[in-house]
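Please look at the model below before reading on. The report that follows takes up the domains, the nonpolar cores, one helix and the surroundings of the ligand.

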Amino acid sequence: MKEEIAIFWFRRDLRLDDNAGLYRALKSGLKVLPIFIFDKNILDKLENKKDRRVDFIHQAVSSIKTQLNALESDILVKYGNPMEIWNSIFKEYNVKKVYCNHDYEQYALIRDGKVNKLCQAQNATFHTFKDQCIFEKDEVLSATGTPYTVFTPYSRKWKEKLNDFYKKSYPTEKYFNNFLKIVKMDAMNLTDIGFEKTEIEFQKPTLSKQILLNYKEKRDFPAIVGTSRLSIHLRFGTISTRKCVQYALMFGSETWLNELIWRDFYMNILANFPQINAGKAFKKAYDKIPWRNNEAEFKAWCEGKTGYWLVDAGMRELNNTGFMHNRVRMVVASFLCKHLLIDWRWGEAYFAQKLNDFDFSANNGGWQWASSSGCDAAPYFRIFNPESQTLKFDKNLEYIKKWVPEYLSPTYTKPIVDHKMARERALKVYKEALNEAE
Ligand SMILES: Cc1cc2nc3c(=O)[nH]c(=O)nc-3n(C[C@H](O)[C@H](O)[C@H](O)COP(=O)(O)OP(=O)(O)OC[C@H]3O[C@@H](n4cnc5c(N)ncnc54)[C@H](O)[C@@H]3O)c2cc1C
């Protein structure tokens, strides 16, 4: 008779420390076999086989493997269709309990539902836990019991509700003896899953005290590293959100804490308003806007050739590194939706391909905020002027010189659209569409 075991299934929580589901698995009374599945359904959709995110995940899983090997255990890494893999795991092991953490994206919810059913059919139990965020779906609600759709009251309630229970770490390390002792398993190479190495290097995430102390003053300047650059770690769970909240409070950085709350906010919008999964505007009336959708202009925007220094610098930073500073994300997104009147969903899809930290909820939230169709109390007439944003946030042009070195040369693209005309056009088109929708 094979030994009865529990499985912990890593997904977007790629760490051994302070991991809610892993903690419960290690305390389940059964030895725990950790697994990770490179999901073919997701990977097949990625056209670029040199994808930094896949490389990052691969390196993070390898790091978990090394840590587990030091504990005389290992991680079972598979590639394929999750249901087929789960069927094969049930054949190979005597699995009694499966543990993982909640994932709020539509594909994941359907997948987890199917795995749950399979567990039941196999006489095993399926357990999932909150780990990605501090508060989920129905934990921060208004006085009338409805989800908040505006950030400020949400964040107020979020802060009121926060206590030690919600932010304390799970001490998984106390139970590391409960990993299944196994002979070392074969490692999976990136090429085994059809991908290639990129320049990205997975390093243990660190949060500098200096960044947090100066965050409020420095976070808006793209030429300096004034923000944490933890987004990829938060995305793939190589750092725990609870630890980030503890740091924010320890160093008294309310502004940085607010950014973490934005992250929770958008995850909750996704969980409570699933229509955004179907590409719908959060505010229905905004789906009436007659986008111009000029393909040549979209191409110029993607390539960083709009003739607007800050927009082009941002897009080139994104194309070259997979990262773009938040201030510049707001400017380029506003430029696409308002100056060019291109459907925000085109920009959302482009960011989804390119961003290392791509996260459906934050990306959708950011794009709908920029197009004014989302959760924003401000009216649609906020249109960023790329030139005044440059004067405010990159006045010495350091960021621009780095990414658009030819900015003064005669060969540099002329602006593809006139700011004043574009602003007036956007206001007119928005106004008419919204009046019509009333
Ligand atoms: C159009 C647009 C698209 C975006 N797409 C994404 C995305 O796909 N993934 C993503 O993680 N962020 C996204 N953001 C939010 C933000 O730009 C990034 O989180 C931030 O730039 C990451 O840098 P950082 O880690 O140094 O952040 P910091 O400023 O150090 O903030 C700390 C953490 O808080 C979270 N955070 C910060 N701002 C936001 C925000 N506005 N919404 C949600 N979470 C936030 C991130 O996890 C971030 O790592 C988007 C913003 C816009 C305007």
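Domain bounds here come from an automatic or database domain assignment. That assignment divides the protein into the three domains tabulated below.

| Domain | Residues |
|---|---|
| domain 1 | 1-131 |
| domain 2 | 132-169 + 210-272 |
| domain 3 | 276-437 |

Residues are numbered from 1 along each chain as its sequence is written. The model is predicted, and local features need pLDDT of at least 70, side-chain atom pairs count only at pLDDT 80 or more, and totals for chains, interfaces and linings use all residues.

The C-alpha centres of domain 1 and domain 3 are 37 Å apart. Their contact (C-beta atoms, placed from the backbone, within 7 Å) takes five residues from domain 1 and four residues from domain 3. Helices and strands are DSSP runs numbered from the N terminus (H or I of at least four residues for helices, E of at least two for strands), and helix α3 (residues 52-69) gives the most to the side of domain 1 that touches domain 3, with three residues.

A residue is buried if 20 or more other C-beta atoms lie within 10 Å of its own, exposed if 12 or fewer, and partly exposed in between, with C-beta atoms placed from the backbone. A nonpolar core is a set of buried Ala, Val, Leu, Ile, Met, Phe, Trp, Tyr and Cys residues joined through C-beta atoms within 7 Å. The largest such core has 65 residues, and L310, A313, V332 and L336 have the most contacts inside it. Domain 2 and domain 3 both give residues to this core, so it lies between them.

L310 is also one of the buried residues of α13, among them W309, V311 and D312. Leaving aside neighbours within four places in sequence, L310 is in contact with V328, V331, P386, Q389, T390, D394 and I400. The buried residues of α13 pack against α12 (295-303), α14, α15 (344-354), α17 (386-393) and α18 (398-403). Just after α13, G322 takes a positive phi of about 85°.

Which residues come nearest to the ligand? Of the 28 residues around the ligand (near means a C-beta atom, placed from the backbone, within 6 Å), T227, S228, S231, N363 and G366 come nearest. The shell draws at least three residues from each of domain 2 and domain 3, and α16 gives the most to the shell, with six residues.

Methods: Contact = placed C-beta atoms within 7 Å.
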